[in-house]
Amino acid sequence: LSNLLPGYYNVRAYHRDYAPNVYPDSVGVANDQDVIGIDIVLAPYQTDFDGFISGTVTDDSTGDPIANARVMLMGRDGGPYHRHWFVRRTFTDSTGAYIFQELPDVELRVFADAEGYMGEFYDNVNRYWEATPVTPDAENINFALTQGGWGIRSIYGQIQLPDGAMVDGAIAYATLDGQIVGVTSADESGFYDFANLEPGAYEISAFSLYGEGEFGNPISLEFEDYGNADIEIITTSVDDGNAQLPTSAMLDQNYPNPFNAGTLISFALPSGQNVELTIYNLTGQKVISLADGFYQAGKHELTWNGNDSFGKPAASGIYYYNLKTDDNSETRRMTLLK
């Protein structure tokens with residue numbers, strides 16, 4: 001990354017065949033300083049899926065390709081008792097082309113945005129539920145993005161869950177006088193920003209597969225050049241109301257896995273039971289208890305933010321999570337990458 005202004009930077013790495021990861025510390029860059037050794041290790045996606053989705057991202061007014069545009073897949077997959085959030089990102093190449101590979105055979109929504117442009121879901125809509133579903137294999141899932149405004153003001157913030165866990169796969173909206181004037185994707189840690197805004201009072205909201213949220217008050221840019229708007233997602237159930245209960249307690253694989261900032265752990269109960277959900281390290285030591293009490297029948301989802309029971313970040317490595325109920329005990333493995 002070259003031609004950087006002095007300041008502190010968060011550095012993230014993406015590759016179409018690997019799970020994204022972040023450098024653990026902020027990187028300070030001084031005037032005329034070269035910073036080296038900011039190394040990031042990526043873990044390859046390990047799936048049995050072989051589907052793909054591909055297309056291009058271009059400028060709506062000129063037809064020119066947009067290089068380094070962000071493209072994101074969003075959806076839910078899973079069996080009859082659980083549905084997982086599925087989020088995958090990539091960037092376009094110099095010709096505006098992108099491709100996702102090793103995808104499951106499920107319906108996905110595709111979102112694209114780029115610096116200086118209004119983001120959109122396929123096909124030319126702003127909202128997830130209005131988007132045309134795309135099922136691998138699929139070619140020519142193309143986007144023609146509209147350029148954004150030419151102001152000098154900006155709004156930025158972070159989108160989080162109520163417990164402070166990061167939200168992966170969030171979309172932020174900026175509304176002015178009842179009209180959506182900005183749509184952008186947040187990064188895997190939930191950070192987003194709107195640039196090139198005109199003066200005005202903006203309402204900021206966010207959507208993710210976890211739920212939706214909004215910033216409490218309009219952000220006025222009449223006399224300020226920037227505004228900070230952190231958003232808390234109000235979680236909602238992903239149950240479609242039609243799934244039958246399992247015959248015994250079931251523990252699902254966490255998602256995403258491997259993970260960096262946070263991961264979702266789901267389980268389903270055939271009846272109301274006492275539940276213990278505990279995370280252990282590779283040597284069998286208890287790291288944290290996520291659940292210890294009575295839960296009603298149905299599906300339940302908990303988030304682990306990678307901290308231990310003392311609030312300290314756990315080290316990178318392999319962890320086990322165990323679900324113990326009145327009639328069952330089940331353990332699965334997951335990987336934390338810092």
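Glutamate 102 lies in strand 9, which spans residues 97-103 of this predicted model. The phi angle of glutamate 102 is positive, at about 55 degrees, although the residue is not a glycine. Most residues other than glycine have a negative phi. Glutamate 102 counts as partly exposed because its relative accessibility is 30%, a value that falls between the limits of under 20% for buried and over 50% for exposed.

Asparagine 196 also has a positive phi, of about 60 degrees, without being a glycine. This asparagine is found in strand 17, formed by residues 191-197. With a relative accessible area of 30%, asparagine 196 is partly exposed.

Backbone geometry is notable at two peptide bonds as well. Most peptide bonds are trans. The bond from tyrosine 122 to aspartate 123 is cis, with omega near 15 degrees, and the bond from proline 136 to aspartate 137 is cis, with omega near 0 degrees. Aspartate 123 is placed in the loop between strand 12 (120-121) and strand 13. Aspartate 137 has its place in the loop between strand 12 and strand 13.

The loop that follows strand 13 contains a glycine of interest. Glycine 149 sits between strand 13 (143-147) and strand 14 (153-160). Its relative accessibility is 34%, so glycine 149 is classed as partly exposed. Along the chain, glycine 149 and glycine 116 are 33 residues apart, while their C-alpha atoms are separated by 7.6 Å.

At the level of the whole chain, the secondary structure consists of 30 strands and zero helices. The radius of gyration is 21 Å; a compact globule of 338 residues would have a value near 20 Å, and therefore the two agree. Taken along the principal axes, the C-alpha atoms fill a box of roughly 60 × 45 × 40 Å. Of the 338 residues, 45% are buried. Among contacts between residues at least 6 apart in sequence, 63% join residues at least 24 apart.

The chain exposes about 17200 Å², of which carbon and sulfur atoms supply 46%. The chain carries 17 positive and 47 negative charges, and the mean positions of these two sets are 8 Å apart.

Strand 18 (residues 201-208) is mostly covered, with six of its eight residues buried. Several pairings involve this strand. Strand 15, made of residues 171-176, runs antiparallel to strand 18 and is joined to it by six bridges. Within that pairing, threonine 175 has glutamate 203 of strand 18 as its bridge partner. Strand 18 is further joined to strand 19 (residues 211-214) by four bridges in the antiparallel sense, and here alanine 206 is partnered by glycine 213 of strand 19. The connection from strand 18 to strand 19 is a hairpin of two residues. Strand 20 (residues 219-220) is another antiparallel partner of strand 18, with two bridges between them. One of the residues involved is alanine 201, whose bridge partner in strand 20 is serine 220.

Towards the start of the numbering, an open sheet of three strands has the order 2-3-5 and antiparallel pairing. Its edge strands are strand 2 (12-15) and strand 5 (43-44), each of which pairs on one side only. Strand 3, comprising residues 18-22, pairs with strand 5 over two bridges in the antiparallel sense. Tyrosine 18 has proline 44 of strand 5 as its bridge partner.

A further antiparallel pair is formed by strand 29 (residues 317-324) and strand 30 (residues 329-336), which are joined by eight bridges. Tyrosine 319 stands opposite methionine 334 of strand 30. Strand 29 is linked to strand 30 by a hairpin through four residues.

Terms used:
Residues are numbered from 1 along each chain as its sequence is written. This is a predicted model: local features need pLDDT of at least 70, side-chain atom pairs count only at pLDDT 80 or more; totals for chains, interfaces and linings use all residues. Side-chain values use heavy atoms; hydrogens and water are left out. Two strands pair if DSSP finds at least two bridges between them. The radius of gyration is taken over C-alpha atoms; the globule rule is 2.2 Å times the number of residues to the power 0.38. Buried means under 20% relative accessible area, exposed over 50%, partly exposed in between (1.4 Å probe, protein chains only). Contact means heavy atoms within 4.5 Å. Accessible areas come from the Shrake-Rupley method with a 1.4 Å probe; for residues, only the protein chains shown count as cover. Lys and Arg count as positive and Asp and Glu as negative; His and the chain ends are not counted. The place of a charge is taken as NZ of Lys, CZ of Arg, CG of Asp or CD of Glu.
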